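Please look over the structure shown below, which is a predicted model, and keep it at hand while reading the report.

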Amino acid sequence: MKKAITQQRAKVLIRDYLRETGRKGVTNLMRDIRRHTKTEIFEQRTFEKWLQVQERALQDRNWLLLLSFIESDEFKRFVPYANEGIKEKRLIEVADGLCALYSQKKRPDGVFLLPSQIEKQGAEAVQLLSGSWENIPNQRDKDIPRTICKIEAVPGKRYAKFAYIALFRSKQISTTGVVIYLYSKERAEHDYYHHFALQLWRRKDPLTGSVMPGDLSYLTLSKHQPEFLISNVVNQYFYRSEEEEAKDTISLRISRDIIPEENEIIDSLLTDVLPHGLT
């Protein structure tokens, strides 16, 4: 059944269209819309402000013109998933299924946890993960990419939305997915130590899915706390790196100075963390 497209979802789809057509601004996009509608539409600045401000809405006439373009064959040639469905519902269905899958596994000590206990502990643990994180690179090593991620807990669940960007020279590699709480460890030197599974995908391709470990800990007598460790495979995989001496993990800390441009990119990734085509 065809799903209704809201103005908020349209903004995500338009950004995808710009990315897939390789365009930096909206000038050529405006020309595409005029060619499709065969009529004059809103001014370019009106469109730019609408795209930039999430709460901003187009007037009915202009919105109907834009909607007709989004539903056109030309638009779907670049963004074929416009009527894919409500992203929040897809997320819950997929993530709940992954939780059920991972719950079948024992902890390393062989203990099974009751589902209700996992849910309670997990909901508390993912709240500690929520926020913006960045890596702690060695300043002498010029070949380590700057990595940032943002995590947004799903209310009442033991998983969270995850968006990750690695910036390396002229490249910008991103991945999204869900972080799922598995279990906690008790360590004398730690206030807490939680273990997660990161189920990650490239934005467009569900066939590139990868499962990677992640550990969140608070070590009382250490400078950068809390600390979130994720597998360095995420960089090796998406960069096709063959460097054997790369560290096994990426150490992430809470971001203190958030760069607005980076935050805008990662927030757009968080609007829909599942790969298109996955239900």
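The report takes up the strands, the internal cavity and the cysteines in turn.

## Strand pairing

Strand E2 (146–153) has a partner on record in both E1 and E3: four bridges join E1 to E2, the two running antiparallel, and eight bridges join E2 to strand E3, which spans residues 159–168 and is again antiparallel to E2. In the pairing with E1, glutamate 134 stands opposite isoleucine 148 of E2, while lysine 150 has alanine 163 in E3 as its bridge partner.

Five residues lie between the strands in the hairpin of E2 and E3, and glycine 156 in this hairpin takes a positive phi near 75°. Because six of the eight residues of E2 are buried, this strand is largely enclosed by the rest of the structure.

## The internal cavity

One cavity of 30 Å³ or more is counted in the model, and the largest cavity holds about 100 Å³ of space. Its lining is made up of 13 residues, among which Ser132, Ile148, Ser255, Ile258 and Glu262 lie nearest the centre. Strand E1 (131–135), strand E2 (146–153) and helix H9 (260–270) are the elements that give two or more residues to this lining.

By residue class, the lining of the largest cavity divides into six nonpolar, three polar and four charged residues.

## Cysteines

A search of the whole structure finds zero disulfides. Cysteine 99 has a relative accessible area of 5% and is therefore buried, and cysteine 149, with a relative accessible area of 2%, is buried as well.

Notes
Residues are numbered from 1 along each chain as its sequence is written. This is a predicted model: local features need pLDDT of at least 70, side-chain atom pairs count only at pLDDT 80 or more; totals for chains, interfaces and linings use all residues. Side-chain values use heavy atoms; hydrogens and water are left out. On a 1 Å grid over the protein atoms alone, a cavity is a set of points where a 1.4 Å probe fits but cannot get out, and a pocket is an open set with protein on both sides within 12 Å along at least five of seven lines; lining residues have an atom within 4 Å of a point. Grid points are joined across faces, edges and corners, and a volume is the space filled by probe spheres set on the points. Ala, Val, Leu, Ile, Met, Phe, Trp, Tyr, Cys and Pro count as nonpolar, Asp, Glu, Lys and Arg as charged, and the others, Gly among them, as polar. A disulfide is a pair of cysteine sulfur atoms within 2.5 Å. Buried means under 20% relative accessible area, exposed over 50%, partly exposed in between (1.4 Å probe, protein chains only). Two strands pair if DSSP finds at least two bridges between them.
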